[in-house]
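User: I should like to take a close look at a single part of this molecule. Please choose one place where two elements meet and explain how the residues there are arranged.

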Amino acid sequence: MIEINKLSFEIDEKVILKDINLKINKGTIFGIIGPNGVGKTTLLRCLTGIYQPTCGSVNYDGREVYDNVDVKSEIGYVADENIMQSKFKVKEILKYYKYSYKNFDEVRFNQLNKIFKIPTNKFIFQLSKGMKMRLSIMLSFSIKAKYLILDEPTSGLDAILKNKLLKLFADEVIENGTTIVISSHHLSELERICDEVAILDEGVVSYENSVENMKNKIKKIQVAFDKQISEEELKLKGNNKISKVGRVFTIITDEYDEELIQSLKVLKPLFIEEIDLSLEDIFIYKVDKEDSYEELFK
């Protein structure tokens, strides 16, 4: 298990992360999402022990990660930008990984390279952004890591490779019990593979839940009346965002259940239509502070 306890991080007295508390269970895929500039990459770098938190800690099975070589040897990290020496050839990077990681499996790397097709005689600077990302992913998978920390891992990949990579993540969890933490702006991809998701907003975790629970509890309801109904009458349960076009109200609620539907029926609507939301829709609902929600969900 990964435990993030009361973690805060500051740079030059500017607060980047504040009081982060998360528990990530073994053998799960955990997504971290949020707008640009809210601290997602900083949080991942704290998770890998690259950054030392200003306060709080990150523990892997009870062991703190910062300045702990044994824990770091169990972590595969894919950064959102190239962190490899650009004047090295790929085959030289492989030698470096063999020396650095006792469990590095070159056979595994070569098997993956049949999918991702990176020429090992090329220098790192000769590779495209997508090729560098593929190389970083293959290296992380080849060290037989117990934990994979991935920052925008599908960036620069075409649709076919993205699909293969997402399958690879799922297989890794099923076959080896690997724990994966992944940050991405491609929310439709995370929706396919993640067990749980946390929304990071302005340096704090504003919402956390399983993807299944999110989709069951947060829904869009459209309801129409042939009489005058106020928005206040529709604020029945939980947090709601309500808009109106003509006689049709659109309600986005995070407390959807049969009790809510029955309460709406008491108002004798002409119809009630329940609509599932995607992870992207839910993200917009939770993060966007504007009032024009109906346009976002059309």
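Analyst: The following account treats the meeting of two helices, and then turns to aromatic rings and two individual residues elsewhere.

The model is a predicted one. The part chosen is the meeting of helix 5, which covers residues 129-142, with helix 6, which covers residues 159-176. Their axes come within 13 Å, and they cross at roughly 15°. Angles under 35 degrees count as roughly parallel, and helix 5 and helix 6 are therefore roughly parallel to each other. The crossing in which helix 5 passes helix 6 is left-handed.

Which residues make this contact? Helix 5 contributes Arg134, Ile137 and Phe141, while helix 6 contributes Leu161, Leu165, Leu168, Phe169 and Glu172. By character, the residues of this contact comprise 6 nonpolar, no polar and 2 charged.

Two of the residues named above deserve particular attention, and they belong to a wider set of ring pairs. A search of the whole structure finds 8 aromatic pairs. In one of them, the ring centres of phenylalanine 141 and phenylalanine 169 lie 5.9 Å apart with their planes at 10°; because planes under 30 degrees apart count as stacked, this pair is stacked. The pair links distant parts of the chain, since phenylalanine 141 is in helix 5 and phenylalanine 169 is in helix 6, 28 residues apart. Are these two residues buried or exposed? Both phenylalanine 141 and phenylalanine 169 are buried.

A second stacked pair may be set beside this one. Phenylalanine 123 and phenylalanine 125 have ring centres 5.5 Å apart, with 20° between the planes. Phenylalanine 123 has a relative accessible area of 29%, so it is partly exposed. Elsewhere, ring pairs join Tyr96, Tyr97, Tyr101 and Phe104 into a cluster.

Two further residues complete the account. Threonine 42 lies in helix 1, which covers residues 40-47. Its relative accessible area is 13%, and because buried means under 20%, threonine 42 is buried. When its neighbours within four places in sequence are left aside, threonine 42 is in contact with Phe9, Ile16, Leu17 and Tyr51. Tyrosine 77 lies in strand 6, which covers residues 75-78. With 14% relative accessibility, tyrosine 77 also counts as buried. Tyrosine 77 and arginine 45 are 32 residues apart in sequence, and their C-alpha atoms are 9.0 Å apart in space.

Conventions: Residues numbered from 1 in each chain as written. Predicted model: local features only at pLDDT ≥ 70, side-chain atom pairs only at ≥ 80, totals over all residues. Heavy atoms only, no water. Axes fitted to C-alpha atoms, helices over the stretch in contact; angles between N-to-C directions. Helix = DSSP H or I, 4+ residues; strand = E, 2+ residues; numbered from the N terminus. Parallel < 35°, antiparallel > 145°, perpendicular 65-115°, else oblique. Left-handed = near helix turned anticlockwise from the far one by under 90°. Contact = heavy atoms within 4.5 Å. Nonpolar A, V, L, I, M, F, W, Y, C, P; charged D, E, K, R; others polar. Phe/Tyr/Trp six-rings, centres within 6.5 Å; stacked < 30°, edge-to-face > 60°. Buried < 20%, exposed > 50% of the residue type's maximum accessible area, 1.4 Å probe, protein only.
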